[in-house]
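Reader: I keep meeting words like "buried" and "paired" when people talk about proteins. Could you walk me through how such labels get decided?

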Amino acid sequence: SLQELAQTQRFRRLTAPLDPMFALLDGRTRFEVPPDVELFTREIEREYPQVERAIAELYGVVSEVNGRIDAAFERDAIWPPGTLWEKLETGRISNGLPLVEAGNEVPSIFARFPSGHGFRRAVELPALFSSHLGLDESALSPFSTVRLHGSWARGVQCLPKDEQEFEDFLIERIESHGGVCRLRDHASQLLVKRGRVVGIQEDGESWATGADAVVTNVSGETIADLALGAGITRKALTAWPEVKVVGGRFVVSLVVLRSGLPAALPRESFLVSPDPSLPTVHLKRGPSHDADASREPTDTLVAEMLLPRAGSVHFLGAREAVLSTLRHYLPFLDDNSLVVDSPHDGLPAAIHERGPNGKRQKREIDRIHLKDTSTQPEAMEPRLVVHPPGYLGIAGEPIRGPILGTYLVGPSVLPALGQEGEVMAAWGAARILTKKDRTRQKLRRQMWTKIETT
């Protein structure tokens, strides 16, 4: 955590509050969620006056439930638990959590709203795009919906370069402590001896790297494939949950002239197309950080849709489908776009340049001629379905992998909680590993109480 790295104060100086935290555009409504309570109340009075009381009650539930979840997740426990002792330990903490009553049907958090009311989208869409579970709102339980929506509505902090800046920050701290980060390297095989992982074979390397433990963000099935089926435990063979990939996040990136975008377009938006055949899009807006200051200012738009493996939108038509939704809300998009590309469909990048007649002309560049990009289509970030649902209905695969010495910390562990679930899985793996080493365990306890320095 940032606290253990003694970097909380430094990280806070890098972030800025997001205002508004997000906006919903559904063809008839433009609803923003600002951090200021008074402004938020005005937004409700303007767009949803008929359900104002129900919205107030809903956010009372969101606040109360997330406060109780915060208190539970801050405890030093394994989520999801694996061993009997862990189940007892985590069970005592989760026993009082709301919206997860075992054996009973959890009441809907929208019971006070008319059926199909439009405000439900403002709650469900941020939660859906923040999770790794399913392709529509029905995949999320009330518990995960409230938790994920609360992460959007309780005050969002942003970095100028989004997740890339956060990644660079963590890499810099890891390397300053003597660690090595090689994010572009890939393992081609896991080496197993007597039922336990003993090393990895990296792509392009003629020698193996020894390892007592392998911590990875891939699924258990991928781990088994890398080990060529060797060393899989009996428990994993008989009781491993079924995790299916039902689709993925299809991303389209654009560089657009800032003058061609509405000034009121916020950093985070959810765009619902009035055409049911077109996808709902999560749109992120940010500066393009163009090094050429002489050019007209530009912004980067990153639009993502949830693309099923089989559906009405064909994979090769997904880019155009996303752009069609964007055009509905940004009518001058085509006239002001400079670059349009997607890493997933393998199609050429579209470059829009001004011709001799002053009009913009489209030119396509094959991926082999693009810098800092793969020549092959990149895999989409997967959307998962777990059967049967795991611990509290939010878990998937266990942290302990199917081979002794492997640990899973990726989206398949707590898919219903999105990135928070990945952090919790990583923390659980760190706790398991340090608990085996008394020296590391003592160091870990000391770091919890260390006074932070900048």
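Author: Here is a short round of questions and answers on this protein chain. It's a predicted model, where local features need pLDDT of at least 70 and side-chain atom pairs count only at pLDDT 80 or more, while totals for chains, interfaces and linings use all residues. Residues are numbered from 1 along each chain as its sequence is written, and side-chain values use heavy atoms, with hydrogens and water left out.

Reader: Why is C158 called buried or exposed, whichever it is?

Author: Buried means under 20% relative accessible area, exposed over 50%, and partly exposed in between (1.4 Å probe, protein chains only). C158 has 15%, so it is buried.

Reader: And what label does C181 get?

Author: C181 comes out at 23%, so it's partly exposed. Across the protein chain, buried residues make up 43% of the 454 residues.

Reader: How many disulfides are there, and how do you know?

Author: A disulfide is a pair of cysteine sulfur atoms within 2.5 Å. By that rule the count is zero.

Reader: What makes L84 buried or exposed?

Author: L84 has 64% relative accessibility, so it counts as exposed. You'll find L84 in helix α4, residues 84-94. Helices here are DSSP runs of H or I with at least four residues, strands are runs of E with at least two, and both are numbered from the N terminus. The protein chain has 13 helices and 17 strands.

Reader: How do you know which strand pairs with β5?

Author: Two strands pair if DSSP finds at least two bridges between them. Strand β5 (residues 187-193) and strand β6 (residues 196-202) have six bridges, in the antiparallel sense. Within that pairing, Q189 stands opposite Q201 in β6. The hairpin of β5 and β6 has two residues between the strands, and R194 takes a positive phi near 55° there.

Reader: What about β6 and β7, how many bridges do they share?

Author: Three, again in the antiparallel sense, with β7 covering residues 208-210. Q201 has A208 as its bridge partner in β7. The hairpin of β6 and β7 has five residues between the strands, and G204 takes a positive phi near 80°.

Reader: Last one: how much of the contacts in the protein chain join residues at least 24 apart?

Author: A contact means heavy atoms within 4.5 Å. Among contacts between residues at least 6 apart in sequence, 64% join residues at least 24 apart.
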